[in-house]
Amino acid sequence: MAIHYVAQANDIEDGKSKIVDIEGRSIGIYRIGEEYYALHNRCPHEGAPLCKGPVCGTTLPSNVYEYEFGRKGELVRCPWHGWEFDIKTGKSVFDEKVRTRSYKVQVDEGKIGIII
């Protein structure tokens, strides 16, 4: 495994992302609070550029006719068909067996590194 430094930590605002290319892989880097996460920029459904979708939240389990919104800023929604994925894990919201690849992120002296 190797670490690839791709951005400065202050390049990415909280709740935002940046898409980088590492060894021919398109990867989205996300900042949630003071933590950084990285996802493969490909939706497993039909190959859409997942990380170009909006960072969002979703409806939570609730009673009939009640809609509770939550997880704001923790999910990315596929721009083609609306599939939602957890930014921290890459798992889809509707089925934990469906996922996009996530990568470990390491911040050293203000530099964001992706471990591949």
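Two strands count as paired here if DSSP finds at least two bridges between them. I keep that rule at the head of this notebook, and I also note that the model I am reading is a predicted one.

**Entry 1: the hairpins around β3**

I began with the hairpin of β2 and β3, which has two residues between its strands, and there I found that E23 takes a positive phi near 50°. Strand β2 covers residues 17-22, and I found that it pairs with β3 in the antiparallel sense over six bridges. As an example of this pairing I looked up V20, whose bridge partner in β3 is I27.

I then followed β3 onward to strand β4, residues 35-40, and found that six bridges join these two strands, which run antiparallel. For this pair I looked up G28, and its bridge partner in β4 is L39. The hairpin of β3 and β4 has two residues between the strands, and in it G33 takes a positive phi near 65°.

I asked myself how many of the eight residues of strand β3 are buried. I found that six of them are, so this strand, residues 25-32, is largely enclosed by the rest of the structure.

**Entry 2: the nonpolar cores**

Next I looked at the largest nonpolar core, which has 13 residues, and noted that I27, I29, I112 and I114 touch the most other members. Strands β2, β3, β4 and β9 each supply at least two residues of this core. Apart from it lies another core, of 12 residues, and among them I noted Y30, I32, V76 and C78.

I picked I112 for a closer look and, leaving aside its neighbours within four places in sequence, I found it in contact with a list of residues that includes H4, Y5, V6, I12, I29, Y36 and V105. Y5 came up again when I looked for charges over rings, since K111 lies over the face of Y5, at 5.2 Å from the ring centre.

**Entry 3: the sheet of β5, β6 and β7**

I turned to an open sheet of three strands, which has the order β5-β6-β7 and antiparallel pairing. Strands β5 (55-60) and β7 (84-86) stand at its edges, each with a single partner strand, so one side of each is left without a neighbour in the sheet. I also noted that neighbouring strands of this sheet are turned by 60° against each other on average, with direction ignored.

Three bridges join strand β6, residues 68-77, to β7, and these two strands run antiparallel. One residue to look up here was L75, whose bridge partner in β7 is D86. I wanted to know whether D86 is buried or exposed. At 12% relative accessibility it counts as buried, because the cut-off for that word is under 20%. Not counting residues up to four places away in sequence, D86 touches L39, R71, E74, L75 and K91.

**Entry 4: positive phi outside glycine**

I reminded myself that most residues other than glycine have a negative phi. R71 lies in strand β6, and its phi is near 60°, a positive value in a residue other than glycine. At 30% relative accessibility, R71 counts as partly exposed.

E109 has a positive phi of about 50° although it is not a glycine, and I found it in the loop between β8 (102-108) and β9 (111-115). At 80% relative accessibility, E109 counts as exposed.

**Entry 5: the aromatic pair**

How many aromatic pairs does a search of the whole structure find? It finds one. The pair is formed by W83 and F94, which meet edge-to-face, with 4.8 Å from centre to centre and 80° between the planes. W83 lies in the loop between β6 and β7 and F94 in the loop between β7 and β8, so the pair ties together parts that are 11 residues apart in sequence. At 24% relative accessibility, W83 counts as partly exposed.

**Entry 6: a look at K104**

My last residue was K104, which lies in strand β8 and, at 60% relative accessibility, counts as exposed. Not counting residues up to four places away in sequence, K104 touches G113, I114 and I115. I also checked K104 against E68, and I found that these two are 36 residues apart in sequence and 31 Å apart in space, C-alpha to C-alpha.

Notes. Residues numbered from 1 in each chain as written. Predicted model: local features only at pLDDT ≥ 70, side-chain atom pairs only at ≥ 80, totals over all residues. Heavy atoms only, no water. Helix = DSSP H or I, 4+ residues; strand = E, 2+ residues; numbered from the N terminus. Axes fitted to C-alpha atoms, helices over the stretch in contact; angles between N-to-C directions. Buried < 20%, exposed > 50% of the residue type's maximum accessible area, 1.4 Å probe, protein only. Contact = heavy atoms within 4.5 Å. Core = buried A, V, L, I, M, F, W, Y, C linked by side-chain atoms within 4.5 Å. Phe/Tyr/Trp six-rings, centres within 6.5 Å; stacked < 30°, edge-to-face > 60°. Lys NZ or Arg CZ within 6 Å of the ring centre and 35° of its normal.
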